[in-house]
Amino acid sequence: MRTGGKPGPRGPPPAAERRSRGGGWPDGRPRLDRSESVKGRSRAGAVVARQAVVETAGEIGATEKLELLRAIEKKILWLSAWTIHHANHLRPSRDKLKVGGHQASCASVASIVTALFFDVLRPGDRIAVKPHASPIYHAAMYLLGLQSRERLERFRAMGGAQAYPSRTKDATGVDFSTGSVGLGVAMTLFASLAQDHVRLRGLAPADLPEGRMVAIVGDAELDEGNVFEALLEGWKYDVRNLWWVIDYNRQSLDRVVPEKLFAKIEQFFATVGWNVVTVKYGKKLQAAFARPGGEVLKDWIDACPNDLYAALTFKGGAAWRAHLESDLGRNPAIRRILDEHDDAGLAALMTNLGGHDLEALLEAFHAVADDRPHCFIAYTVKGYGLPMAGHKDAHAALMTPEQIETLRAAHGIPPGAEWEPFAGLEVDQGALRRFLEAVPWARRTERFTAPPVPVPAVLPMGRRTVQTSTQETFGRIMGELARSDLPLAERIVTTSPDVTVSTGLSAWVSRRHVFNRKEHEDVFRAEQVTSPTLWRESRTGQHVELGIAENNLFLNLAALGLAHELFGARLLPVGTLYDPFIARGLDALTYACYQGARFVLVATPSGVSLAPEGGAHQSIGTPLVGMAQPGLTYLEPAFADEVEVALRWAFAHIQEPEGGAVYLRLSTRPIAQPDRRMDAALERAILDGGYWLVPPSEGAEFAIAFTGAVAPEARAALEAVREEVPGAGLLCVTSPDRLFAGWRAEGRASWASRLLAPLAPDAGLVTVLDGHPATLGWLGSVRGQRIEALGVDRFGQSADIPDLYAAMRIDTEAILDACARALVERARGRA
Ligand SMILES: Cc1ncc(C[n+]2csc(CCOP(=O)(O)OP(=O)(O)O)c2C)c(N)n1
Ligand SMILES: [Mg+2]
């Protein structure tokens, strides 16, 4: 049996227990030795005295810290620009593609990254960084000794630092991957809920500090609806310990965004209970406003449209002067400001926004005294400190070699020292080095491992019936687990977007209760209103109920499914939804798998078999999604005992170091159950992807292969066929995904090839499922046998199963027609 599922996102297995990244410098660490030269300034006097303060007091003074942080801010800005420049201009190109990278988006957050990573974050905190800030994030890691120069040199190349921070592909301790905008932001909210869950249930390691889940957010990310879906859910759960720092540069990819929009967004945050902190102006502008008559300048900037502000920023000091002169030139206060500043000074003053002022940012961050969710709106300039600053096309703009040369000189970096971490910094290297080595967040436990929870030899299944559906069986197993005292049951957390009852979780929820920070009895039960589902909410509840938002389901599964690494507590998340609505949250599902999250997804009902529910609820392509999604193994059991085997395997597989998430596609259609006992061989075959329900005779000229709920039609067709072709076989494909992956990996030696071996080399095969025919169509290639692939490739409608199966050509008659065609073709081939 293949033990692995399908290749997940992860490469080698995770390293040792409690891999702490703090303190040690990995290979290729930045050279931070004292002998390195400091350009441009003597280190005598003040610096020496400052060092003494640091060493004797053990704590660094505020002014000194600010100076070191400013040096770091300058350095990571340079390194991000240089990393991108190097990748685009200095690394040989083999394919002539532009490598890319976002110098302007990085520059926008230089101060925010500096403040958070080097001062504010604490060991329990976790952070998602907006995707296109990847180079500056990597630069920060490099200064902290957590990223190598080699990987920076290979930015966006094989084995190098990733284009967008990746939890699985970067070796630098990314907490949450980002890339598809909006998802990383919302992920922090669900991570915060997951943290609450493990803490309130007493599952977190005692010494683990409670952390804040932080996101550095691009302002255009808030156009993504999933962010607001998450905000609403967070409000319902009274989410805590959550910080979103919005890089409010008022520019997206294409354009400068209208100012009216953000007023609404601000209101929305406040409406859902967030503390909104606006960091609009830096200290220089604040001082200018405080001067007599300074409020005129403030009013002018406040009223300046975003696009004009951006254009003037790009044009520089002379343009600011011309506009201010024409609008306010006769005002004596403004006159004084204009006269006191040269063009460069005026430009610096006019763009002194809060998001580029470390003091203003640190003040805002350190002022937070409670665990309420906080949204910081940090005003910034896209490309700040770089030549494209403010230009509406800054997003993908790359500095020219001449521009980078000018920047290098301005930063005091000698030619050849571009990667040197301290080159050009006017601070004492020893002090900076000690400061970096003491950065609290870098000394955290980056990834925890939690021991796997034992999976019993067989899951309790309760009463068996001759006729049942796979969904009903799933619900019954979950109900029996809820009743048990198995350690496995303790770690299961279910979650569903308002389809808990209709996907079979009633019995589970009635016994294990709904998770909520606030205890709440089931009022209907208290009022003696009968219902099969007891809906009691409690801090130890094991079901997380969500509103109807499939994005939230998948992000919640992503967070719960990483709890062992993020919070040191092993959870076994089981999410349920209707199969067609996988499509609604598909990007978030991909996102969860890309991060290596571990969960069981139970999608039910599926296909046209939910018949009267109609075409809007009938899934067609989801089996192909299941097969095509890395990090997710798709199984579609037909019978009850297969559900038990698949679910039991899933609970083990999501805990294996090389495992992944599992998707069970289930049905509400009750069908007759085979009378059999499960044994090891059958179990192995089910998990490898299929078994002969009716074995073919040696050299048989024909077989039918089916998946899932169409078992009765396939069986009836086979019985009819066997009257003429007595040796024909019936193959039950329990996992097209595992069977296919095995064939791809092992070819002739694969389980698929061995299954089909008894058939004649030119045998005819008919495949059928309630899903897209391509799911099984590949079976004909395994041994070069003829194939007729049946399945659903059109939208359905409300009807009963006989009518729908007939319309979709997956009923017994259609299977028999296909059998006849296959046999005729075979005869023709022989003639
Ligand atoms: C879902 C999704 N759609 C589109 C993109 C392409 N994209 C990348 S960044 C970006 C604009 C981001 O603007 P903003 O969030 O304001 O970031 P800034 O660069 O201004 O910091 C777009 C459209 C994407 N990464 N993800
Ligand atoms: Mg922006």
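**Close-up views of a predicted model**

**View 1. Pro605 lies in the loop that runs between strand E14 (600–603) and helix H26 (622–628).** The model shown here and in the views that follow is predicted. The peptide bond between Thr604 and Pro605 is cis, with omega at about -5°. Most peptide bonds are trans, and most residues other than glycine have a negative phi.

**View 2. Arg156 has a positive phi of about 65°, although this residue is not a glycine.** Arg156 sits in the loop between helix H6 (149–153) and helix H7 (183–200). The relative accessible area of Arg156 is 26%, so this residue is classed as partly exposed, given that the partly exposed class runs between the buried limit of 20% and the exposed limit of 50%.

**View 3. Arg809 is a residue other than glycine with a positive phi, near 60°.** The loop that holds Arg809 connects helix H34 (801–807) and helix H35 (812–830). Arg809 has 34% relative accessibility and therefore counts as partly exposed.

**View 4. Ligand 1 is surrounded by 18 residues.** The closest of them are Ser105, Lys130, His132, Asp219 and Lys382. By class, the shell around ligand 1 is made up of three nonpolar, nine polar and six charged residues. Polar backbone atoms of the protein also approach the ligand. A nitrogen atom of ligand 1 lies 3.0 Å from such an atom of Gly179, and a nitrogen atom of the ligand lies 3.1 Å from one of Val181. On the oxygen side, an oxygen atom of ligand 1 is 3.5 Å from a polar backbone atom of Glu221. On its own, ligand 1 has 590 Å² of accessible area, of which the protein covers 75%.

**View 5. The magnesium ion (ligand 2) has Asp219 (OD), Asn249 (OD1) and Gln251 (O) as its protein donors.** These donors lie 2.0 to 2.2 Å from the ion. Along the chain, the donors of the magnesium ion follow the spacing D-x29-N-x1-Q. Asp219 is in the loop between strand E3 (213–218) and helix H8 (225–236), and Gln251 is in the loop between strand E4 (242–248) and helix H9 (260–271), so this pair ties together parts that are 32 residues apart in sequence. Asp219 has a relative accessible area of 7% and is therefore buried. Gln251 is buried because its relative accessibility is 3%. Asp219 is also one of the closest residues to ligand 1.

**View 6. Asp247 is placed in strand E4.** Its relative accessible area is 0%, so Asp247 is buried. Leaving out residues up to four places away in sequence, Asp247 touches Ser105, Ser108, Val109, Ile112, Lys130, Val217, Gly218, Asp219, Ala378 and Thr380. Among the residues closest to ligand 1 are Ser105, Lys130 and Asp219, and Asp219 is also a donor of the magnesium ion.

**View 7. Helix H16 (residues 358–366) has Leu358, Ala360, Leu361, Leu362, Ala364 and Phe365 buried.** An α-helix has 3.6 residues a turn, so residues three or four places apart point the same way. The helices against which the buried residues of H16 pack are helix H2 (62–90), helix H4 (110–120) and helix H10 (283–290). The strands in this packing are E4, strand E5 (275–279) and strand E6 (374–379). At the N-terminal end, H16 is capped by Asp357, with a side-chain oxygen 3.1 Å from the backbone nitrogen of Glu359.

**View 8. Helix H30 (residues 736–746) includes the buried residues Pro736, Asp737, Arg738, Leu739, Ala741, Gly742 and Trp743.** Gly747 comes just after H30 and takes a positive phi of about 55°.

**View 9. Thr473 is part of helix H19 (residues 470–483).** Thr473 has 2% relative accessibility and so counts as buried. Neighbours within four places in sequence aside, the contacts of Thr473 are with Met461, Thr468, Ala640 and Val643.

**View 10. Cys593 is located in helix H25 (residues 586–594).** With 2% relative accessibility, Cys593 counts as buried. Cys593 and Ala661 are 68 residues apart along the chain, and their C-alpha atoms are separated by 7.1 Å.

Technical notes:
Residues numbered from 1 in each chain as written. Chains lettered and ligands numbered in written order. Predicted model: local features only at pLDDT ≥ 70, side-chain atom pairs only at ≥ 80, totals over all residues. Heavy atoms only, no water. Near = heavy atom within 4 Å. Polar contact = N/O pair within 3.5 Å; in protein donor to acceptor, adjacent residues only side chain to side chain. Areas by Shrake-Rupley, 256 points an atom, 1.4 Å probe, with all protein chains shown as cover. Nonpolar A, V, L, I, M, F, W, Y, C, P; charged D, E, K, R; others polar. Helix = DSSP H or I, 4+ residues; strand = E, 2+ residues; numbered from the N terminus. Buried < 20%, exposed > 50% of the residue type's maximum accessible area, 1.4 Å probe, protein only. Donors = N, O, S within 2.8 Å, 3.2 Å for Na, K, Ca; no water. Contact = heavy atoms within 4.5 Å.
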